[in-house]
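Hi there,

Here is the structure I promised to pass on. Have a look at it first, and then read my notes underneath.

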Amino acid sequence: MSSARMGPKHQDPGLQPERTVMSWGRTTLSLSVASLVFLRWLPHYGVGVLLMVALALLVGGSIYGTQRYRYARSSLGISAEQLHADVLAIFAMSGSVLGLGVLGILVVLVF
């Protein structure tokens with residue numbers, strides 16, 4: 001995405017907001033690929049796998065949907081020299097990965 005569409009300009013020579021957006025983009029892509037891999041489990045483990053697919057796509061979609069907000073927030077934080085870590089996003093992502101792992105174990109053991 002062009003910087004005009006993403007949010008305000010910043011003076012960060014290291015392009016920290018762009019790197020952050022790219023890393024969240026890679027996370028979204030990874031979750032999408034994981035959901036496709038989960039679909040391959042469908043014949044072996046049944047419909048419980050669809051919960052894993054839904055959770056992976058939901059988390060990936062929510063990351064994709066908040067990209068523009070995160071970029072704008074990061075750019076403004078750099079400009080104001082008051083950038084803080086997005087602790088909520090980190091905990092949400094950690095909880096989602098943990099939930100996918102537990103759900104995967106349950107699907108394999110129960111179904």
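**What I found**

Let's start with one residue: Ser-35 sits in helix H2, which covers residues 16-40. Keep in mind that this is a predicted model.

Is Ser-35 buried or exposed? Its relative accessible area is 3%, so Ser-35 is buried, because anything under 20% counts that way. Which residues does Ser-35 touch, once you skip its neighbours within four places in sequence? The answer is Val-53, Ala-56 and Leu-57.

Now hop over to helix H6, which runs over residues 87-110 and holds Leu-106. With a relative accessible area of 44%, Leu-106 is partly exposed. Leu-106 also belongs to a nonpolar surface patch of about 810 Å². Its partners in that patch are Leu-98, Val-102, Ile-105, Val-108, Leu-109, Val-110 and Phe-111. Try colouring those on your screen.

Then zoom out to the whole chain. How many helices and strands are there? You should find six helices and zero strands, so the pattern along the sequence reads α-α-α-α-α-α. The chain has 111 residues, and 29% of them count as buried. As for the outside, the chain exposes about 7,300 Å², with carbon and sulfur atoms supplying 71% of that area.

One last thing, about contacts. Take those between residues at least 6 apart in sequence: 72% of them join residues at least 24 apart. Ser-35 is a handy place to begin when you look at contacts yourself, with Val-53 among its partners.

Cheers

Conventions:
Residues are numbered from 1 along each chain as its sequence is written. This is a predicted model: local features need pLDDT of at least 70, side-chain atom pairs count only at pLDDT 80 or more; totals for chains, interfaces and linings use all residues. Side-chain values use heavy atoms; hydrogens and water are left out. Helices (H or I, at least four residues) and strands (E, at least two) are DSSP runs, numbered from the N terminus. Buried means under 20% relative accessible area, exposed over 50%, partly exposed in between (1.4 Å probe, protein chains only). Contact means heavy atoms within 4.5 Å. Accessible areas come from the Shrake-Rupley method with a 1.4 Å probe; for residues, only the protein chains shown count as cover. Patches are made of residues with over 30% relative accessible area and no salt bridge: like charges are joined within 9 Å, nonpolar side chains (Val, Leu, Ile, Met, Phe, Trp, Tyr) within 5 Å. A salt bridge is a side-chain nitrogen of Lys or Arg within 4 Å of a carboxyl oxygen of Asp or Glu.
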